[in-house]
Amino acid sequence: MARVPIEEGFFRIPDDPGEPPRLLGSRCPNCGEFFYPRRMVCAQCLHEGCDDVELSTRGRIWTWTYCHVPLFGRKDTDVPGYGVGQIDLAEGPRVQSILFGGPDDFAIGMEVEIDLETLRETADGDEVVIYRFRPLAERSA
Amino acid sequence: MRRGLRFEDVAVAGVGMVPFGMLKERPILHLARDAGLAALHDAQMTLADVDEAFVGYIQLTSMIGIQAMKELGLTGLPVAHIENASATGLVAFREAAWAVSSGRADVAMALCFDKFTDLQARGGRGGGRDVIDAPILPASYFALWAQRRMHDRGTKPEHFAAIAAKNWNYGAACPFAHRRPDHPVTPEEVLASRMVAEPLTTMMCCPADDGAACVILAREDLVRSRQPGRPVVRPLASALQSETYARGHTFIGPVVGPSTMTRDTARECYEAAGVGPEDVDVAFCHDAFVNEELEYYELLGFAAEGEGDKLVEAGETGPGGRIPFNTDGGLIARGHPGGPTGLAQIHECVLQLRGEADGRQVDSARLALAHLVGGGSICTVNLLERTD
C-alpha cells in the first residue's frame with residue numbers, strides 16, 4: 001500500500017512515514033521572493049525561471065475557521081467538521097490548508113507543522129493523501 | 001496607462017430577468033429566452049434592433065450562449081462569450097456599454113444565465129474532487145477573512161447578522177428575489193441558523209440558484225426617442241482589475257482575492273466618472289458571504305478603514321440610511337446563480353434610478369454603484385446615473 005497525493009506537483013511524500021511532507025515551492029533568483037505552488041515566472045519581478053525549492057515544514061496561523069459541513073471533495077468520508085487555516089511560512093508564502101484538531105484548538109499566531117491526512121483509499125488499496133497543518137502545542141501535549 | 005472606462009452617449013434601453021430560485025423544471029435556454037424577451041419588451045425592441053450581443057455563464061458547457069441567442073431569433077448579429085466567474089454579468093454589461101460608447105454598435109445586449117441545480121447534479125463546481133483545493137468548502141475561505149476581521153477590528157458576529165437580516169428583509173420586498181421571508185428576519189434568527197464555517201451561519205451565505213437576466217444598451221438619442229417621458233439611466237463609468245501581487249498572496253483556493261483589489265478598482269471607477277463615494281445613493285456588492293459586505297463598505301469608500309461596523313450599528317446601509325446596500329436582497333436573498341448575478345444588480349440599479357423599486361425605493365436615487373468579484377481573482381466596479 002502506497003501513499004499517493006491528491007494531485008501531483010504540490011507536495012513530496014517522504015518514504016519514511018515519520019518524516020513530514022514537503023511543499024514544493026519556487027524561489028526567484030532575481031528578487032528572492034518565494035512562492036507556493038511552483039511557478040516559472042516570478043509574480044513579483046516577472047523574472048523568467050524561478051528555482052525549485054522545498055518549503056519549511058512549519059509556519060504560523062494567519063487566520064483560521066472551523067467548517068461544520070462535510071468536506072466538499074470527500075463525501076465518502078464521515079467527518080463532523082474540520083479546521084481550515086491560512087499558514088504563513090517563514091519564507092513568505094501563505095498556504096491555505098486543512099488544520100488538524102477540534103474547533104477550540106486554534107488561534108491566530110499559533111505555530112503549526114505540516115503532516116498528511118488520508119482522504120480515501122483507491123481500488124488498488126493506495127491511500128490518497130493531502131497535507132494539513134497541526135498545532136505544535138497539541139502535538140507535544 | 002490603465003484606467004477606468006468613461007462611457008459617452010450610451011443609455012440603458014431595457015432590462016429584464018426571471019426571478020431567481022431553484023428552477024429545476026425550466027430548461028436553461030428557456031430561462032435565457034425569457035430574460036432576453038423581458039429586456040427587449042422593456043426596451044420596446046426586437047432582436048432585429050440589436051447590433052451585437054455578449055452572453056455569459058459559468059456553466060461547464062461550451063457555446064450554450066449561441067444556442068440561447070437562437071431562442072431569441074437568428075439575425076446574424078455578432079455574439080461573443082464572457083466568463084469571469086461571479087463577475088461575469090457585470091463584465092458582459094461593461095462590454096455591451098463599451099460597444100455602444102465606442103461607436104461600433106447602436107444597440108448592444110448583455111444576456112447571462114446559469115443553472116446551479118444542473119451543476120450540482122453533475123457533482124459540483126471546480127475541477128472535481130481530485131484537485132489540491134477541492135477538499136475545502138468555499139464558505140471556509142470567506143470565514144477565514146471574517147475571523148481575521150474579528151481579530152483585527154473587534155467586529156462581532158452580531159454585526160454580520162445585522163447585515164444578513166437587512167438583506168433578507170430587502171429580499172422580502174423584491175419580486176425577483178429567491179428568498180422572500182414571510183416575516184421580518186431578525187439578527188437573532190440569523191445567528192441561530194446552522195453554523196457553516198465559524199462565524200458564518202447558513203443565513204449569512206448565499207443560496208445556490210438558477211436564473212437569467214438581460215440588459216440592453218443603446219445610443220442615448222435612440223433611447224430618448226423610443227421612450228419619451230421615461231427617466232433615462234446611463235452607464236457612467238466602469239473599472240475592471242485582476243489581482244496585484246503582494247507578499248501573503250494565496251495562490252491555491254482563489255475564492256477570496258486580496259482586499260486591495262476592490263479598493264483600487266473602485267478608485268479607478270470613481271476617477272473615470274469624476275465622482276466620489278459621497279455622491280452614490282445606492283450600492284450593490286458581492287455579498288455571497290455576509291462579511292464581504294462589511295469589508296466592501298470600507299473598500300468602496302463608504303466608511304474609513306475599520307469603521308464599517310459603525311455604519312452597521314447606525315443602520316446606514318438599510319432602508320432610510322445614508323447609503324442603502326443590496327436593496328434587492330443581494331446575493332444572500334435575491335440569489336447568486338453565477339453569470340446573471342451582475343445583470344440582476346444592473347436590473348435593480350435601473351429600477352432604483354427610474355424610481356420603480358416598489359417597497360424598497362431609495363428616495364431620489366440618482367447615482368448607483370455595482371461591484372462584484374469573481375473567483376477572488378477579478379473585480380469590477382460600475383457606476384450608473386439617472387439623467388432627466
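Let me start in the middle of chain B: Ala53(B) stands opposite Met109(B), a residue of strand β5(B). Before I go on, note that this is a predicted model.

Ala53(B) brings us to the pairing of two strands. Strand β3 of chain B, residues 52-56, pairs with β5(B) in the parallel sense, over five bridges. On β5(B) there is also a pairing with strand β8 of chain B, residues 210-219. Here the strands run antiparallel, and nine bridges join them. One position in that pairing is Ala110(B), whose bridge partner in β8(B) is Val215(B).

Is β5(B) mostly covered or mostly open? Mostly covered: the strand takes in residues 107-115, and nine of its nine residues are buried. As for the directions, Val107(B), Met109(B), Leu111(B), Phe113(B) and Lys115(B) point one way from the strand. Ala108(B), Ala110(B), Cys112(B) and Asp114(B) point the other way. Lys115(B) and Asp114(B) are on that list too, and they are buried along with the rest.

Next, a pair of helices in chain B. Helix α6, residues 157-173, packs on helix α10, residues 290-299, with the axes 9 Å apart and an angle of about 95° between them. That angle makes α6(B) roughly perpendicular to α10(B). Which residues make the contact? From α6(B) they are His159(B), Phe160(B), Ile163(B) and Ala164(B). From α10(B) they are Val290(B), Asn291(B), Glu293(B) and Leu294(B). Sorted by class, the residues of this contact are five nonpolar, two polar and one charged.

Further along chain B, I picked out one residue, Leu311(B), in helix α11, residues 308-313. Why does Leu311(B) count as buried? Because it has 22 C-beta neighbours inside 10 Å, and the cut-off for buried is 20 or more. Setting aside neighbours within four places in sequence, Leu311(B) is in contact with Tyr297(B), Phe302(B), Ala303(B), Glu316(B) and Thr317(B). For one distance on a longer stretch of chain, take Arg360(B), which is 49 residues along from Leu311(B): their C-alpha atoms are separated by 19 Å.

Now to chain A. Chain A has 10 strands and one helix. In order from the N terminus, the elements run β-β-β-β-β-β-β-β-β-β-α. The radius of gyration of chain A is 16 Å, close to the 14 Å from the globule rule for 141 residues, so chain A is as compact as a globular protein of that length. The C-alpha trace spans about 45 × 40 × 30 Å along its principal axes. Of the 141 residues in chain A, 35% count as buried. On contacts, take those in chain A between residues at least 6 apart in sequence: 51% of them join residues at least 24 apart.

Last, the two chains together. How many residues of chain B are in contact with chain A? The count is 27 residues of chain B, against 28 residues of chain A. On the chain B side, α5 (138-153) and β6 (195-197) each supply at least two residues. The most comes from α5(B), which gives six residues to that side. By class, the residues on the side of chain B that touches chain A are 14 nonpolar, eight polar and five charged.

That is the end of the tour.

Key. Residues are numbered from 1 along each chain as its sequence is written. Chains are lettered from A and ligands numbered from 1 in the order in which they are written. This is a predicted model: local features need pLDDT of at least 70, side-chain atom pairs count only at pLDDT 80 or more; totals for chains, interfaces and linings use all residues. Helices (H or I, at least four residues) and strands (E, at least two) are DSSP runs, numbered from the N terminus. The radius of gyration is taken over C-alpha atoms; the globule rule is 2.2 Å times the number of residues to the power 0.38. A residue is buried if 20 or more other C-beta atoms lie within 10 Å of its own, exposed if 12 or fewer, and partly exposed in between; C-beta atoms are placed from the backbone. Two residues are in contact if their C-beta atoms, placed from the backbone, lie within 7 Å. Ala, Val, Leu, Ile, Met, Phe, Trp, Tyr, Cys and Pro count as nonpolar, Asp, Glu, Lys and Arg as charged, and the others, Gly among them, as polar. Two strands pair if DSSP finds at least two bridges between them. Axes are lines fitted to C-alpha atoms, for helices over the stretch in contact, and angles run from 0 to 180 degrees between N-to-C directions. Angles under 35 degrees count as roughly parallel, over 145 as roughly antiparallel, 65 to 115 as roughly perpendicular and the rest as oblique.
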